[in-house]
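This report describes one protein chain and the side-chain arrangements found in it. The sequence and the structure come first, and the text follows.

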Amino acid sequence: MAKKLIVAPAPHVQTLQSTQVIMRDVIIALIPALVVSVVVFGWSALGITALSVGACVLFEYLIQRFLVGGKPTINNLSAVVTGMLLAFNLPASIPWWIVIIGAFVSIAIAKMTFGGLGKNPFNPALVGRVFLLIAYPVQMTSFPAPVTGGIDGLSGATPLAAVKEAAKLGGDKADSIIGSMGVGDLLIGNMPGSLGEVAALALLLGFAYLLWRRVITWHIPVVVLSTMAVFAFVVALFGGNASLMWQLPLFHVLAGGALLGAIFMATDYSTSPMCTKGCVIFAVGIGVITMLIRMWGAYPEGMSFAILIMNSTVPLINKYVKPKRFGVK
């Protein structure tokens, strides 16, 4: 009886990875995009990000301290990540008080109301962003031109908004706008848009870092972007515009919030499915809904709405899409 059998609850395999380490890696992955946004829009981009992060951390601390109780959770850095992602969904000209309102909605309503990190069904930063878009549409869609000039012909509108408006006028104007944008322009991000929309190359660098650190897997981002590309290719093919069959998919993958949403927000642990098959279904849904809104919806961008809609389906996906239990044929 010297060696007793000790039974303990799961998990039985321990790693050095913790919530704080994971969030720290996400912050590091977002830094290249932050640097690009500062270069493109000036120091206001850094000020908005700092204000958003500070407000999110403050609101989480106050709610934890005076309402929820228990040990403060701001040390896990999740509020910092929420603040950065919220800022990346805002234009550089947004008034400071709107940033604070967005931070309050993200933390107080979308996160702490449900019990905090890991219990929220919807991505907090996207809830804040969509709320601000509905409540303050003028401020949320007023994008300053880049300090370095930007792509000619956009006149302060984002590429997606310019194409959407041109499509309403009919003719081939929308196609000409897409055709005039090279892949290099979209990768560098020298164009009007939200802070996190104009740094495609930097976001891809962050994606590579997260894969290397094994913070996320490739399934959701790759499937989301692939679905969008295939959707755009089919639209161009059946639209009889052979010249855009390759340009249209690249445009929709690199423009707007596609990369930011697919890499950093759709992969949120608590709001995405648990198994690989479920993640694929989840990602396909995001890609399809995004393209439906972009092509025929009222908004030029659909990534935020698509992710939130698919967040609501995660409990259903987890219930019916499960891996086989060990030993079961």
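## Overall make-up

The protein chain contains 16 helices and 0 strands. The model is a predicted one. Of its 329 residues, 51% count as buried. The chain exposes about 16,200 Å², and carbon and sulfur atoms supply 69% of that area. Among contacts between residues at least 6 apart in sequence, 76% join residues at least 24 apart.

## The enclosed helix α3

Helix α3 covers residues 78-88, and 11 of its 11 residues are buried, so this helix is largely enclosed by the rest of the structure. The buried residues are S78, A79, V80, V81, T82, G83, M84, L85, L86, A87 and F88. What covers them includes α1 (19-41), α2 (43-68), α4 (96-109), α5 (124-135) and α13 (258-265).

One residue of α4 shows part of this packing. S106 is located in helix α4 and counts as buried, because its relative accessibility is 0% and the cut-off for buried is under 20%. Leaving aside neighbours within four places in sequence, S106 is in contact with T82, L86, K111, P124, A125 and G128. Of these partners, T82 and L86 are among the buried residues of α3, and K111 takes part in a salt bridge with E60.

## Salt bridges

How many salt bridges does a search of the whole structure find? The search finds 3, and they are listed here with their N to O distances.

| Basic residue | Acidic residue | N to O distance |
|---|---|---|
| R213 | D25 | 3.0 Å |
| K111 | E60 | 2.7 Å |
| R294 | E301 | 3.0 Å |

The side chains of R213 and D25 meet in a salt bridge. This pair links distant parts of the chain: R213 is in the loop between α10 (200-212) and α11 (219-238), D25 is in helix α1, and the two are 188 residues apart. R213 is partly exposed, with a relative accessible area of 30%, whereas D25 is buried at 1%.

K111 and E60 form another salt bridge through their side chains. K111 lies in the loop between α4 and α5 and E60 lies in helix α2, so the pair ties together parts that are 51 residues apart in sequence. K111 counts as buried at 1% relative accessibility, and E60 is buried with a relative accessible area of 0%.

In the salt bridge of E301 with R294, both residues are buried.

## The end of α2 and its surroundings

A nonpolar surface patch of about 610 Å² is made by L58, Y61, L62, F66, L67 and V68. Within this patch, L67 belongs to helix α2. Is L67 buried or exposed? Its relative accessibility is 70%, and L67 counts as exposed because the cut-off for that class is over 50%.

F66, another member of the patch, also has a charged neighbour: the charged end of R65 sits over the ring of F66, 5.1 Å from the ring centre.

V68, again a patch member, lies 8.1 Å from G115, C-alpha to C-alpha, while the two are 47 residues apart in sequence. G115 is placed in the loop between α4 and α5, the loop that also holds K111. G115 is partly exposed, with a relative accessible area of 40%.

## Aromatic pairs

The whole structure holds 5 aromatic pairs. In one of them, the rings of Y209 and W212 have their centres 5.9 Å apart and their planes at 50°, so the pair is tilted. Both residues lie in helix α10, 3 residues apart, which is about one turn of the helix. An α-helix has 3.6 residues a turn, so residues three or four places apart point the same way. W212 is exposed, with a relative accessible area of 63%.

Notes: Residues are numbered from 1 along each chain as its sequence is written. This is a predicted model: local features need pLDDT of at least 70, side-chain atom pairs count only at pLDDT 80 or more; totals for chains, interfaces and linings use all residues. Side-chain values use heavy atoms; hydrogens and water are left out. Buried means under 20% relative accessible area, exposed over 50%, partly exposed in between (1.4 Å probe, protein chains only). Helices (H or I, at least four residues) and strands (E, at least two) are DSSP runs, numbered from the N terminus. Contact means heavy atoms within 4.5 Å. A salt bridge is a side-chain nitrogen of Lys or Arg within 4 Å of a carboxyl oxygen of Asp or Glu. Patches are made of residues with over 30% relative accessible area and no salt bridge: like charges are joined within 9 Å, nonpolar side chains (Val, Leu, Ile, Met, Phe, Trp, Tyr) within 5 Å. Accessible areas come from the Shrake-Rupley method with a 1.4 Å probe; for residues, only the protein chains shown count as cover. Rings of Phe, Tyr and Trp (its six-membered ring) pair if their centres lie within 6.5 Å; planes under 30 degrees apart count as stacked, over 60 as edge-to-face and the rest as tilted. A charge sits over a ring if NZ of Lys or CZ of Arg is within 6 Å of the ring centre and within 35 degrees of the ring normal.
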